[in-house]
Each structure stands twice: as C-alpha cells, then as structure tokens.
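The following report describes selected features of a protein model, moving from its sheets to the contact between its chains and then to a single residue.

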Amino acid sequence: MMDRRTLVCGIALTMLLGTRGRAEQTQTVYRIGLVEAGAPSANQHFVDAFMAGLRELGYVPGKNIVVDVRWAEGQADGFRPALAELIRLRPDVIVVSSTLGAVEAKKVTTSIPVVFIGVPDPVGSGLASGLAEPGGNLTGLARAAGDGLVGKTVQELREIAPGVTRMAILWNPGAAIDERRVQAVAAAQAFGITPLVVEIHDRNGLQAAFGAMRKEHANALFVVTDPMTLANRDEIVKLAATNRLPAVYEFGEFVHAGGLVAYAPSITEQFRRAAIYVDKILHGAKPGDLPIEQPTKFELVINLKAAKALGITIPKEMLLRADEVIQ
Amino acid sequence: MSERELVPGALAPRAIDEPAGHDPIPGSATPGVAEPGPRRRYRGRLFRKYLLLILSLVTIALLASGAISVYFSYQENKSALASLQHEKALAAASRIEQYIEQIVKQLAYAALPQLDASDVELRRIEFLKLLRQAPEVTDIAQVDAAGREQIAVSRLGMDNINSAKDRSQEPAVRNAKRGQPWFGPVYFKKETEPYMTIAIRSGGDTGPVTIADVNLKFIWDVVSRIKIGEKGKAYVVDGSGFLVADPDIGLVLRKTNLSQLPHVKAAAGKQDPAEPAMISSDLAGTQVLTSVAPIESLKWNVFVEQPVAEVYEKLNASILRTAGLLIAGLVISAFAALALARGMVRPIRTLDEGARRIGAGELDQKIEVHTGDELEALADQFNRMTGRLRESYAGLERKVDERTRALKNSLEQQTAISEILRVISSSPTDVQPVLDAVAARAAHLCDSPYARVLLADGDILRPVATYSIESSRSVEAILPTALSRSSINGRAVLDRETIHIDDVLPLFDSEYPDARPNATAAGIRAALAVPLVREGAAYGSIFIFRRQPGLFAPDQVALLETFARQAAIAIDNVRLFNETREALEQQTAISEILRVISSSPGDVRPMLNAVAERALKLCDAAQSTIMLVEGDVLRVAASMGNTPTLEEREVMPLTRGSISGRSVVDRVVVHMEDLATVPEDEFPVGREIQRRIGHHAVLSVPLMREDRSIGVIGLWRMEARPFTEKQIALVKTFADQAAIAIENVRLFNATREALEQQTAVAEILRVISSSPTDVQPVLDAIAERAAHLCDAASASMYLTDGDMLRHLASRGPSPDPVIMVDALPINRDSVSGRALLERRTIEVDDMLAEEAEYPLSYELAQRYGHRTVVVVPLFREGKPFGTILLRRQDVRPFGERELALLQTFGDQAAIALENVRLFNETKEALEQQQASGEVLAAISSSIADTTPVFDKIVQSCERLFAGKQVGITLVGDDGLLHLGAYHGPGQDVFERLMSSLRADDATATGRAIQTRTVQHFPDIEHGPDVPEGARIGGRATGMKAAIYAPMLWEGKGLGVIWVARDYVGPFSDKDIALLKTFADQAVIAIQNARLLREIQEKSRQVEVASQHKMQFLANMSHELRTPLNAILGYSELLFDGTYGSLDDRVKGVLERVQHNGKHLLGLINDVLDLSKMDAGQLKLSLDDYSMSALVKSTVGGTESLAKAKGLALESSIADGLPHGWGDERRLTQVLLNIIGNAIKFTDHGKVEVVAAAADGKFNVDVRDTGPGIAEADQARIFEEFQQVDVSSTRRKGGTGLGLAIARRIIEMHGGTISLVSELGAGSTFHIVLPVRVQQQKEAA
C-alpha cells in the first residue's frame, strides 16, 4: 500500500515539474528587421518611437526581441541591399517605411510578414488588395485618409500666403508617388494657382531645381515628400528660405528643420503604432488579415521664425488651430 | 465457504474454485505434498466486499449532500454573475451614450447661431475649433434652410466656403429635427473605417442644419477602457450587426459583421431581453457569457462578454472545495470500514488456510479456531474429514501406478510406429532415414542392445542401418553377412519368415554356422530377424538380439514385424520415386537442350555446353567432353567436369588409338567399365591419358550426320562403374540432338552470311546508283562492308595514280588508325604493289613472318600490329587500277568465300569508277559544247564588235581550263602586239610588258603564229625552249604554265588566245584541242566584224548617193516646172486667140504643144511627189473625211473618161461607212490614179469600184476587165518607173510613177495595196486602209 502511494505521488510530482520545465523552455527571442527610408542622422527618432512601442508591449530588446535596423539613406536603390541583408538574418517580421520601401519589400519576400509605415495609398501602390483585408504578407499604416489631404495641405499654404499665384511642386519621379503630384497640381488649379512641377532625382539636383523655380517666378513651394526629400529636408528648407519661397510640407519634420508649415499625420506616432502590428503578427496573426490603419490625427505645424524671415504674418485663427507652433 | 466441494474419484483431492488450488498432474507428482500456489488470488475477496459495502454507503451519503449544496450555490452564483454582467453592459452602454452625447453637445455648441449669422468666416473658426476639440469629427458642414451648403470644413480635405452645394436631399438634412440630433447609420469609409453622420438643426424647423461626420474609431478609447474581468471585453454593434467599436480595433476596421452570433441575433430579435446574460460563443468560437445593453437613440447594442471559463472560475473553486471535503470524508470512512472488516474476516481466513492445506495433501494438521461459534464447529468438521481422506489415499496411488506403466508402453510403441511413418512420408526420396529410424526404434522398444537393418546386395546382406544403445561397442565390427540359409538373417530373407531364436549358441554348428563370427563377437544369445518382405521378395531384414538367452515378448516381435513392413514400403516408395525422377530428369535435360538449341540458332557453343553439362549430370560422370572433327583432328568444343585438363586433349589426332577417335572412325559407341584393364596396344592414346588422369569407366558416343561422324561425346568416371543402358541411350539422344543442332547452326550461319553478303552487295549498288558523280562514297561503302563481312580489323581501298597506289578509303572496327599510308609505290616491296603487278590476289597468313618478302608491308604491319593480310587487285577492262586490302590483327587466313566476296566488291568498285569517269567525261563535253555555243551566240549577236565575243571566250576558258589568267593577244597591222581581252590578275603589268613586243620568235604569240600550232609550256620558268617574252610575262604576272593557240585567217596570223595557270604542270590534249576551237571561233568573230564594217561603209556611201539623187530630182522638177508652166500658159493664151487668131494648122501644133506640155507637167509633179517622199519631206495632212463621198466624187470625176472609151463605170458603196481620219486629198489622188489606170488600160467591159468597212478598216476594190497583168510583173508595177510593158505604155501613156506614189501614200496611212490579176481576166486592186490613221507611217 505504501509503495503504491509513493508511486502516485511521484508521478504527480514529476508531471508537475515537467510542465513547469517545459513552460520555461518556450521563451523565444523574436527577430525584427527594420528598414528606415532615411539616415540615422535625421530619422533616428522614428526608430526610437518604434522601440518605445515595442517596450510598451512588454518586449525587451536583447532579451525576447532583437531589432536589426538598416537605413536606405534616402536613396531609391538603398532599400534592396538593406532588405537583402535583413532577409539573410531570417527575421520574423520586417518593418519598412515609405511606399518605395514597401514596394521593394513586396518584391523580395512573399513569406516574411511585412509591416509598412507612411504609405499614402497602399491599395493604389499595389501593396494591398484592400484596406480592411490587405491579403498577402504586407500590412501596416497608411499615411493619408482619403484623397483630399494634398488639397488640404495646399490650402494651409494658401491661408498663410494668400498672394500665392505660382506654386512650385517639387517631386521625385523615381519614388512611386506620381498620384500625389497629380493631386497637388489639381489642388493648385482648384485655388487658381499656376502649378509648376519641378522634378528632382537626388540631392545634387536641388540647386538646379530651385534655380528652375526662380526662373519660373514661383512664389510658393509644395514639397511632395519621399525618402530622398525627407532625408534632404535641411537643404530644402534652407533653399526655400534663401529663395524666399513660402513652402508647405507633408511632414512635420520639415517644419522642425525650419520649414514654414506642414499639415500631416505624425509619422513618429505611426512608428510607435507599428509595434502593435508586430506584436499581433508575433502572436500568430496573419498580416493579410490585419486591416491597414488610416491616420486620424493630423498635425498643423507652423514655424513662426520661418514666417518672420519671409515677412509673413500667420493669421490668428491659424495659430489657434496649430497643433505645434515653433517660435 | 459454501461453494467449496470435494470431488471424489480424482487422483488427488481437488477443489473447484478453491482459493489455494494447485495443479494436479496425474501420476507426475507425489500426492500429499503441498505446493505453494497463488495464494493472494482470493485473499481479499470477503474483506473487500465488506469494505466496499461500508465505503459505498458513506460515499453515497456524502456525495448526495455535496451535490445538492453545489447545485444551489452554482445556480445562485450564476444568476448573480449574469446580473453583474448585465450591470456591466448597462454601464458600458451608458458610457458610450455619454460619449456620443458629449460629441452632440459640442456639435450643438458649434451650431449655435452666431451674433452675426451671415459671417461664415466666424462660423468656420467655430468649426475649426470644434475639429480641434473633437478629434472624432472629421468633417463638419452647415447647410442653410434651403438645403444649400454654406460652409464645409474638413480635417482631411479642402474647406469649402459658400459652395452653395445642394444638399437638401441628403437624409441628414431631411431628417434633422429641431432639438433632437439625428444619427445616421454607421457606414464604413473605404470599407474599413466606421463613420456616422450626426445632424443638428438649430433655430426652428427651418433653421440651418449642422452636419458632422464622426469617425467612430475613437469609441475604441471608450470601449478599451471598460474592463470586463481578465479576458472579457465590451463592444458595440450597430443595428445591422456590424461591429462599431471593439478593443481590438482590427476587428472593426475589417468591417466585421456579428449578426450571425447567437447573442447578437437574440439581441436584435428581442426588444426586452428576458435574461440578463446568456451563454454564447464569440467569433473564435469560445464559450462566452455575454450581456447586452441597447443604446436606443443610436439603435446600437453594447455587449459585454467574458469567457465562460473565467466567469465560472470562482464557481469552480467552490465546487472544488466541496469535492475536497468529500474526499476527506471518504478517507476517514475508509479507515473505519477497514477496521470493521478485518475483525470479521480473520477466523474465516484461518478456516480457509486449513482447508487449503487439506487440499494440498497436508492431512496431518489440525485447524485451530477458537471463536466459540459456528466457525469453530466448522473447523472440527474439517479435522474429521482429514482423517478419512488420509486412509483412502494410499490405495488409490498404487493402482494408478500400474495403469500408467501399461499405458506408457503402448503409447511408446504407437509413437514409434507413427514416427517411422512420419519419417517415411518426410523422406520420399531416401530410404536411409527410414532405416535409421527403424533401427533406433527397434533397439529401444525391444530392449535390444543393438538393432540393425540389412539389405540384400547381390549375394550378401549389407548392414545399412545400425543402432546401438551401448555407445561403447564398436558398430563397425559387424561384417556383411552372406545371403545364405546358414546365417540367421540370410535364412530370414531367403525363407521370408521371421526367425526367432531364444539361444543361438547351440545352433551355430547345426543351423547357422555363418552366424558364428558376428554372433560370437557381439555376444549374441537371443536373436530375432524379421525379413523386409514386399510382393513375394525380401529386400533384407531387421535384426535384434540380446546377450541373455530368452525369447522376445510377442508384442515386441509383432512390433518388429510392423517395422519390417514399414521399411519395405519405404524402400518401395523410394525406388519408385527415384525411377520417376530419373525419367523426369532425362526428359527435362532433353527439352532443356532443345531450348538451348532454339535460343542460340547461330552459335553451336551454348548448345554443346548444355549437352556436356546434362550428360555429366545425368550420367553421374566425372568428366564430359564434346569434340568435333576438324580435318584430321578432333578439337574440344565443350568440356564439363573437374578432372585435370590436359593440353594435348584440346586437339587430338583423329586415330583409332584414342577412345574418342575410335568412336568417330568406326562410328560406334565405345563403352568400357574400366579402361585400365584394356590392353595397352588396343588404345595407346586412350591408355596414355587414362594413366595421367586416373579415370576408369569411359563412354564415347559419336555425333553422326548422314552416315558421317562429325564429333563425339565422351564421358569418364573416376571409378570402374559401367554406365547403364539408359544412360547410354540418353547420351545417344544427346549426340543426335547435338548433331542436328550443329547442322542447323551451319545452315543458319551459311544463310545468314549469304544474306549479309547479298545485302552488302545490294547496298553498295545502291550507293553506286545514288552517287553517280563521286566515287568516294562507293569506296567508303565497299571498305566498310568488306571489313565487316570478312571480319577484318580494317579494309582499305587504293587506286593507281601514275606509279603510285593512292589511299582513298579505309574502314573497319579496329580502333587503331586505319589509314596506314597515303600512297604506296607500285613495286614488289608491298603486298598491294605486288598484287597489282602480278594481277593476282595475294594472301599473307602472317605479315610479321614476311620481312624478306614484303619489306614495306612488314614495316607497316610492325607499326600497326596486323598479321593476316589479303590484297585483291581491281581490274577494269583487263587493266588493274587499284586494290582492296584487308587486315586482321590475328593470324587467321581469309576463306574462299571471303575472297570471292572481295572479288565482287572489286568488280563493283570498277563499275562505280567507270560510271563516274563516263559521267564526268559527258559532263565535261557538255560544258565545252555549252561554252562553244555561248561563244557562237555571242558572235552572232554582236557581229560588229569583237569585244563581247572575246569576253565570252575568255570567260569560258577561265571556267573550262581552271586558268588563272586568260587572254587574247592580237597582232596589229604594224606587227606590234596588243591585248584583245584579259581576265585574271596582273593585267596592267602584262599590258605594259607587251606594249613593245612584236609577233616574233621572242614571244609565244609570234612562235604560235609562225609555227601555226598551239604552243604549250608546262613550266614557263624552267621549261626548255620557252620564248623570252613569255618567261618575262610569267615572272611578272605569276604564270607558271600556259598554252597559246594561234588565230589564223587565210594564212595570216591575227593573234593568239592563251590560258595560263599559277602552277607548273602540263595541259591535257583535250585542253589544247578546246583552246584551238576557241581560237578558230575568235577568228570567225574577228572576220565577221571586219566584213560587217566594210558592208556598213558601202551602204553608207550608197545612202548618201541616193539622197543626192533625190535632192537633184526635187530641184530639177521645181526648176523644170516653172518654165513649163510658162510655156503652157502662153500656148493657151495663143490658142484662145489672145494674140490674134490662129489658123487651124497652128492650132493643131499648139494643141500638141499643150498636150505634151501637160504630160510633162504631170510627169514632173509625180517625180516631185516621189522625190519628196524619198526625201521624207511629204507630210500627210490628217483630217476627217467621208470615204463614200470620196469614192463618189472620184468616180464622178472619171466618168467622162469612161464614157469616152465606152466603158461602164460602176461603184458600190456599203451603207453606213464610218468617218475616216486621213489625208483626203492624197487618198483621192490614189483612187483617181487607180481608177484612171483601170479605165486607161481597159478597152472594153467595165470598171467597178467597191468600198466597204470591217474591223476598223476600209476595203476598197477597183476591178477592171482589162488585159490583166502577168504574175511576173505584178510585183514590179508598184515600183518607180515601171510599167507592164513598154508597148502598152507607149500606147496608153503615163509616167510609170502613179502606182508607186499610190502605194507609198497608202502605206503612209498604215494601209496596204495589193493586186489580184490574171492575164486576160482583168485586174483587181485591193486597198486596205485604217478607218482612223493613228499616225503617219514612214514612207518606205
């Protein structure tokens, strides 16, 4: 009788210990690959926001998650090597910013889940079959809600500088953002402004581009933002100032760098939210089932210093409305 | 205890269902000895029964009370939880409602009428403020009472102010009532984000409406703050079941429809939910407890849900507690039951122990129970029973012992018999195991120390199976016994009766003297011999004995007899079996050989191997050899066996001295039991071999074909044991089969070879016919077939080329280079050379042994490793022209047939070569003809110019002579040379060199002209007697050889035509002849050209003269006409009396002057016309005219003339003649002339004019009945100054120019004029004239 009892107790104890032992073993370290469109000197705060998002969800870098960060340095051909390098590390999820980056990521993998950030039109760019159910291995955060945002942005410029008659539209044809140029042209025309499309391919073309604006007597500037222009925002802002062009931007970063005004969703916020997507995917969700979120919060950022330099007085109601006013 | 029962009559006391029963094996165990059985088996039964009873009573009671309490507490808790859930739902609903109300309030505030209601800018600022305060609102607009949009502000797009868009039909505008906000249905922007429109009408029912689009995604903030337990959540579903808000925002964005979930369905169906919460399942199918609270104003439902597992966690805990108490109660009651049951069971167990001991045979122990109750009485009963059992036990045991022994004996005998039967059936082919078994059983069962089975073998009995129980004694000591009645076994066998002797000692002398040695040695006293009888014969006997006198038991005798019968049957079986098997094996062997024969029709070797193998096996021989006759030797064709091989046996001379030789020569079977005993001189060879191999029995069967022996099958055995008749017959069968097969193979191979040869010949013919122009494929084909069919390593074809044999083709399977040498000199050093010289086929068996004879061939053979060589010379029209050479790399001469085949191939090669030669010659001749034809064509088509002719000649020369340079050199009148034509490089140099040369002895041209022969210089540079000019020219232009053909005309040299090549070598006779032809043709061309030039010169001179004449005529006529007109005019004036009246004589003279003057004028006019025409000055003036009017007027104009001569002048004009186009005046002149002529030359009868039109042409006929014109004159009358005869002209007058002029005019119109006439039958002039003249034709 004693033997049997001992046996039963032993078995129970073993099972209990066994379960606990197994439970301890299941601690896995996930690997995330992140490709940021810009350079660490300008866009480190994006990556920091993403890491903060991960930490909020209980991920501790180095302990249960490893994030490999690569930088496309604002180059259109900077994504491919970065992605190739990351894929060799066999990440569980790839996070990539910008339309160009997402398009490149879609080319290189159909199996690794990809979370994109700051893509104005994921469906139009062919990254997702629909916002509600993207299908495929890509999902993420859209950078615009509806098609009217460019018009809204142009409107902000016009309110600051009502005398605008000729607006230069600076854009990079190599960045797959053709539709935003079209929208910008349409918006300008809607306000009776003559649109002047100025192409730019890389940093070296900036001087020439602003030269062209001068020649065309542009008196305002709209920058269609892509990784290249974002990476070179300091230069663009400076050139806009020296050419005395009131400029409106699609990224608040430009205004922080000294630009005049921007109306845009916060990309920093999107990087933070991307962590939620990563978390869901790591917990087994299929990227194709995760709806693409559209931004709800758009920030109006105004730089008073820039306005002063241009001799512009910002209307009061606009200052009231501004989410951020840089003195 | 009540089921215990004793079973009487059993060998041991045995209990059924007894707790401590043991295994009672009958007779095997000693009764009464207790065995330790499986004691534990029933031990706890009663104890457990009591224990369980008590336990179950307690458990049931405890469980019932526990379950009841759990049930009630569960129900209470559940309803409490449901209420709680419902409370949570209500709270959540109210929070969301508050949230919406908050928005509405803000909206209402923004919609408040402004002080100055028209100031939209203020309104815009208000709206912008709202957008800033309420992030949910993405768009806000104000629509005035008329439904026009006044202002629209958007977070996502451009603001519109005063757009005046008509929005009156929007539901928001239509449904908004004063003081009551209107909520639109939830809609999903881009199919993902939930939105709702809220409209507020301010300031009366016709006040402006403020419309806002609200992004419901923001409710997420609210619902995600509502905590429902650990895993529960609150979410909002709109009226159509779409998820509006959920902590998992993804679900909302996916536009999830929950209307199919049971609780959503229930909530939609019921106005007032009867129960506060329900168990349902969520989207993932998890069981959830869910509760709903509606938001009436929005027609939304707020659900809260929590997984059932979590909800009932506490409930489960209370149930667990109850269960724990229950288990504790059970444990306590189990201990109590244990103590109670143990007290009851102990005495019963003591009784049980006692009874088990009795059962085990322990009958001398008492059962001690002192309970003082019924159990103690029971123990006493047991004790008494034990005593009685002890007594009856001993008697039983004895009886059982006896029975068992008897049974065992009979069983053993039965077993032995059946075992022997089993041995018989398991070894049908071998009797030995049966006999061994019989011996063994007999010894065992008959208590004999020794048993053996003897079998008759001739006149002795041989012991074949012995068995000894005494292992110490030697079995080998027993000798075979004579088969006689004086031995025990012999008598048993001969008499076929069982001999059973109780003591053999006294019978040695009288009865069994032969038994003495064995019997004494083995110490035999009692003996039993049983014969193995079968169908009246005995095979042998079974013998057993004992060393003590005394008979064997009758059952032992009977047993032995049974064994004897069984053994006999077994021997019979085996004999039958072996006979059957042998027959079968032989049949199989024959059929297998037949199969081998049929499967290898072309090769005799597998068949012979099969025969040798079968013969060896079936005849049980040590060696089997098949030899075939090959001339005067026997050669081994197949050999099987394991005797040492002797080299000299591979090939044996065919003599009677060997066994095989004898068999073949005498065509008999030779069979000897022991060759060793045969006299030496009978088979000297056979004995010699026998001594070395050591075989004894031999059998030799000849292979016969049509009374001829072609070989032999020989079999040996190492021992002197004769082959049986059956085996000899079998070998004979084999021999016949082998002979047939060899014949078949021979026929087959012969047929196949013949076929192959025919095929090869046919194929070569095909190649010949398919390549008529090229001999190479034929030679290749011949070489290939020859090598293949003659089994040669390679075959080569050589053709003579001057004094060399040139290699043209080689083929063959040899992997070594087949091309031995490119060319061989035709001399006696090589086989090929000699075969050609001696015109015979030469075969060399081993080239390596022929160094002295064929040094060249020997060298080649050494180099390429061939041995046997045959060369067949090829003949054409009796002349050798090549050789076929075949090589083998081993020494193996070629057969007759192969040589004949090569001859055929040679003939074919000759035919092919002849074909090609004829073909090429024909082709060449054709080409030359063609070239000549072309030159002639050129001559005839360019008579005046020599250049095309020269070019053509030069071209042809280049093509036909394969010349590098071709040219025509001409000799000028000054004797200098100049170039007529040149083709090829170096023209400039050549021309320059030649410019100063003359046609003298120093030039080839001069030489050719002087000698009037073709000059031929095969080697310009080094050849003898080459003119200096040619040598210089050759050096300058690279000519190495040339021929020059002179062009001669009437003994005069015009030049040469020459062909040069850039390599040294003679031109063929054909070339020379051809060049001569070209030279002749060139001369013709030159002469033609010269003649033509002369003719042209003459005709030019004639033409000039003729023109001068015409000019003269025209001038003259003009000059004549002017004075003549004056003469006529003045004579008329005179005649008319202008200058006074004249007498009749003078008038007569004047009349004559006038007449002759007019005639002269007509003549001059005609000459003028004619000369104009000849000078090409007459022009037609073309215009429309009517042919009928023309004819009518002409006829009218000549009517008077006809009347004057008394002639009838008739005209017939067809109706509807078309209008003509031409020179009317000239045509009138023509018709006038012809009609005039007709009237003039016709003395009586009539003149008739007929005009008609057909096919665009007018046909005008003028017929007369005049004297007619002779045929010879008909052609002439149209020529100038011609009249039919002078007399008539003189009589009739006329210039003789009229018809010539008429003809020319008609011809200028493109028409014709012709004449049909016969002397004395009148004439008809026939004019054919185009209705419409296309253009003026040149007057001929």
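What follows is an account of two sheets, a pair of hairpins, an interface and one buried side chain.

The model is a predicted one, and the values below should be read in that light.

**The sheet built from E8 to E12 of chain B**

Five strands of chain B make an open sheet, in which the order is E9-E8-E12-E11-E10 and the pairing is antiparallel. Strand E9 (243–245) and strand E10 (278–281) of chain B each have a single partner strand and stand at the edges, so one side of each lacks a neighbour in the sheet. On average, and with direction ignored, neighbouring strands of this sheet are turned by 45° against each other. At the E9 end of the order, strand E8 (residues 233–237) of chain B pairs with E9(B) in the antiparallel sense over 2 bridges, and Val236(B) has Ala245(B) in E9(B) as its bridge partner.

Two helices of chain B are in contact with this sheet. Helix H1 (residues 45–111) of chain B lies across E8, strand E11 (287–295) and strand E12 (300–307) of chain B, and runs at about 40° to E11(B). Helix H6 (residues 262–269) of chain B also packs on the sheet, where E8, E10, E11 and E12 of chain B are touched, and its direction makes about 125° with that of E10(B).

**The sheet built from E31 to E35 of chain B**

Another open sheet of 5 strands in chain B follows the order E32-E31-E35-E34-E33, again with antiparallel pairing. Its edges are strand E32 (977–983) and strand E33 (1015–1017) of chain B, each with a single partner strand, so that one side of each is left without a neighbour in the sheet. Here the twist from one strand to the next averages 15°. Within this sheet, strand E31 (residues 965–971) and strand E35 (residues 1052–1061) of chain B are paired in the antiparallel sense over 6 bridges, and the bridge partner of Leu970(B) in E35(B) is Gly1055(B).

Helix H24 (residues 987–994) of chain B lies across E31, E32 and E35 of chain B, at about 165° to E32(B). Helix H25 (residues 1004–1011) of chain B lies across E31, E32, E33, strand E34 (1041–1049) and E35 of chain B, at about 125° to E35(B).

The helix directions given for the two sheets are collected here.

| Helix (chain B) | Reference strand | Angle |
|---|---|---|
| H1 (residues 45–111) | E11(B) | about 40° |
| H6 (residues 262–269) | E10(B) | about 125° |
| H24 (residues 987–994) | E32(B) | about 165° |
| H25 (residues 1004–1011) | E35(B) | about 125° |

**Two hairpins that share E2 of chain B**

Strand E2 (residues 149–154) of chain B is mostly covered, with 5 of its 6 residues buried. Strand E1 (residues 137–143) of chain B runs antiparallel to E2(B) and is joined to E2(B) by 5 bridges, one of the pairs being Asp139(B) with Ser154(B) in E2(B) as its bridge partner. E1(B) and E2(B) form a hairpin with 5 residues between them, and Gly147(B) in the turn has a positive phi of about 90°. E2(B) is further joined by 2 bridges to strand E3 (residues 160–161) of chain B, the two running antiparallel, and Ala152(B) finds its bridge partner in E3(B) at Asn160(B). The hairpin from E2(B) to E3(B) passes through 5 residues.

**The interface between chain A and chain B**

At the interface, 30 residues of chain A are in contact with 23 residues of chain B. The two chains bury about 2200 Å² between them, and 55% of this area lies on carbon and sulfur atoms. There are 4 salt bridges between chain A and chain B; one of them links Glu159(A) with Arg124(B), whose closest N and O atoms are 2.2 Å apart. The count of residue pairs in polar contact between the chains, with both residues at pLDDT 80 or more, is 13. On the side of chain A that touches chain B, helix H5 (149–160), helix H11 (267–282) and helix H13 (316–321) of chain A each supply at least two residues, and the largest share, 5 residues, comes from H5(A).

**A buried threonine in chain A**

Is Thr139(A) buried or exposed? Thr139(A), which is placed in strand E5 (residues 138–142) of chain A, counts as buried because its relative accessibility is 0%. Its side chain reaches the backbone oxygen of Leu290(A) at 2.7 Å. Residues up to four places away in sequence aside, Thr139(A) touches residues including Val114(A), Phe116(A), Tyr277(A), Ile281(A), Leu290(A) and Ile292(A).

Notes. Residues numbered from 1 in each chain as written. Chains lettered and ligands numbered in written order. Predicted model: local features only at pLDDT ≥ 70, side-chain atom pairs only at ≥ 80, totals over all residues. Heavy atoms only, no water. Pairing = 2+ DSSP bridges. Helix = DSSP H or I, 4+ residues; strand = E, 2+ residues; numbered from the N terminus. Axes fitted to C-alpha atoms, helices over the stretch in contact; angles between N-to-C directions. Contact = heavy atoms within 4.5 Å. Buried < 20%, exposed > 50% of the residue type's maximum accessible area, 1.4 Å probe, protein only. Buried area = accessible area lost by both parts, 1.4 Å probe. Salt bridge = Lys/Arg side-chain N within 4 Å of Asp/Glu carboxyl O. Polar contact = N/O pair within 3.5 Å; in protein donor to acceptor, adjacent residues only side chain to side chain.
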